[in-house]
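Good morning, and thank you for coming. Please look at the structure on the screen while I go through some of its features.

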Amino acid sequence: MRKFFAIFLGTLCCGKSLAVARFPKPDFTSGYQYPDIVHGAPYELLWNVLDVVLLCGMMMLVVWAAYRKRRRAVIWSMSAVSVLYFGFFRSGCVCSVGSIQNVVTAAVDSNYHLPWYVLLVFLLPIVFALLFGRVFCAGVCPLGALQELVNVRNFRLSRAVSATLSVIPWIYLAFTILYAATRSQFLVCRLDPFIGIFRLGGDLGVMSFGIVLLVMSVFVGRPFCQFLCPYGALLSVFSALSWKKLEITKKGCINCALCGVSCPVDAIRPPQRSKTKEMRRKGVNRVILFTVLLPVLTVAGGWLVSGQSDALSLAHKDVYLYEQLLRQEANPDMEEPLEVETFHALGGNMEELKEKVEGIREEYKTYAWLAGALIGFVIGFKLLKLSLKRGRKTYEIDMARCTVCGKCFNYCPQNLKKDEKTIS
């Protein structure tokens, strides 16, 4: 038996060590060719299959725990498994949050090869969100799981502050799509606050930000998930349209308010009495106003961001190089940057680079307008949503915000009641 475990552990270690690199190799201009490496591919394929199987299996377990058993313990256990496996063991890559960039790049660039497992990592949480809500956020995403494990208390933010901060993930998503579509950079990979923690090293500034977020997570429920995560913003749309709606209890709400107090992301709406006839008339006028304002904000957002497209395009390496060359020509006495020196040493053609940069900037204008329109639309839609006052008789879950963490299950006194058969 000991021999069996030794062989099994050896296989795991070997598979991990021979895994294919997940980042592009340096593109040498000297003509150097990398040797073909074939021995690691089968092991990496096995790890990719295992990643997808675990991702799907863990989300199914969360669905079972949340919809059938209403047990937070299972969901919390998934958080621990996710942090250990997807976080520290698999180094947090490739994650569903970062997969947005791969999918966008593949959509606009036919030469970009999108690995099958990256596509599944992107699509599976969306499919589950359409069916059961944000079960991926519950305890399967290592970023959310890490925050969940350290959360002790929840400082309540006002609804106005929370609604304002909730626009940030959409801004993050818009610029993530913009930079991926223009093949400039993978913004999520550069700014992931927890990747340095999972890899026990990395950019000091980003890693410090991750530590700050973790400290905040002790007192505020999932600050990254609520106010930063671009994939969470995407999932919130599909979760709002989910086929099955999560219920805190099957035994009927008694309006004790304990579930609302326990929710770390303020996803449980309290009862609300119907408005009088006079107030309803004012509400209708307010809704009409924000409905008219929605397309105006959309167009305004597109116009404002597209107006900054030239400045935004500096994120592209060719545009940045071109601007450095122009600056060097205008100031010959200035110390020559390394990029400019390399460009001249390799016999770069300024006219060809200029033509290429003009094409990139035209592309930026289009995608910057779309990114701005998305931001404007989201702001307008949130204002419209805040203007709607729907009557509620009991506490209800806002599926768009709910991360299916299960805390409300343990606080609801109806769930703590023993079955009549058990009592008898």
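Which residues of α4 are buried? They are S96, V97, G98, S99, I100, Q101, N102, V103, V104 and T105. I should say at once that this is a predicted model, and that the values I give are computed from it.

Let us stay with α4 for a moment. This helix covers residues 96–108, and at 1.5 Å a residue its 13 residues should span 18 Å; the C-alpha atoms at its ends are 19 Å apart, which agrees. Since 10 of the 13 residues of α4 are buried, the helix is largely enclosed by the rest of the structure. What encloses it? The cover over the buried residues of α4 includes α5, α6 (135–139), α7 (142–150), α9, α10 (187–191) and α14.

One of those covering helices, α9, deserves its own look. It runs over residues 168–181, and its 14 residues should span 20 Å at 1.5 Å a residue; its end C-alpha atoms are 20 Å apart, which agrees. Helix α9 is mostly covered too, with 10 of its 14 residues buried. Among them are P169, W170, Y172, L173 and A174. Just after α9, R183 adopts a positive phi of about 55 degrees.

Now for the chain as a whole. Its secondary structure amounts to 23 helices and 2 strands. Of the 424 residues in the chain, 43% are buried. If we take contacts between residues at least 6 apart in sequence, 81% of them join residues at least 24 apart.

I turn next to the aromatic residues. How many aromatic pairs does a search of the whole structure find? The search finds 14. In one of these pairs, the ring centres of F122 and Y231 are 6.0 Å apart and the ring planes meet at 55 degrees, so the pair is tilted. Because F122 belongs to helix α5 (residues 116–132) and Y231 to helix α14 (residues 230–240), the pair ties together parts that are 109 residues apart in sequence. Are these two residues buried or exposed? Both F122 and Y231 are buried. Elsewhere, W47, Y85, F86 and F89 make up one aromatic cluster. There is also a charge to point out: the charged end of K244 sits over the ring of W243, at 5.8 Å from the ring centre.

Y231 brings us to the core. In soluble globular proteins, nonpolar side chains tend to be buried together. Here the largest nonpolar core has 90 residues, and F194, Y231 and L246 touch the most other members. Helix α2 (residues 41–69) supplies the largest share of this core, 10 residues. Where does the core lie with respect to the domains? Domain 1 (46–273 + 395–423) and domain 2 (281–386) both give residues to it, so the core lies between them. As for L246, its contacts beyond neighbours within four places in sequence are A66, Y67, I397, M399, C402, V404 and F409.

My last example is L383, which is found in helix α20 (residues 350–387). L383 has 32% relative accessibility, so it counts as partly exposed. Setting aside neighbours within four places in sequence, L383 is in contact with F290 and L297. The C-alpha atoms of L383 and L294 are 8.6 Å apart, although these residues are separated by 89 residues along the chain.

Thank you for your attention.

Technical notes: Residues are numbered from 1 along each chain as its sequence is written. This is a predicted model: local features need pLDDT of at least 70, side-chain atom pairs count only at pLDDT 80 or more; totals for chains, interfaces and linings use all residues. Side-chain values use heavy atoms; hydrogens and water are left out. Rings of Phe, Tyr and Trp (its six-membered ring) pair if their centres lie within 6.5 Å; planes under 30 degrees apart count as stacked, over 60 as edge-to-face and the rest as tilted. Helices (H or I, at least four residues) and strands (E, at least two) are DSSP runs, numbered from the N terminus. Buried means under 20% relative accessible area, exposed over 50%, partly exposed in between (1.4 Å probe, protein chains only). A charge sits over a ring if NZ of Lys or CZ of Arg is within 6 Å of the ring centre and within 35 degrees of the ring normal. A nonpolar core is a set of buried Ala, Val, Leu, Ile, Met, Phe, Trp, Tyr and Cys residues joined through side-chain atoms within 4.5 Å. Domain bounds come from an automatic or database domain assignment. Contact means heavy atoms within 4.5 Å. The expected span of a helix is 1.5 Å times one less than its number of residues.
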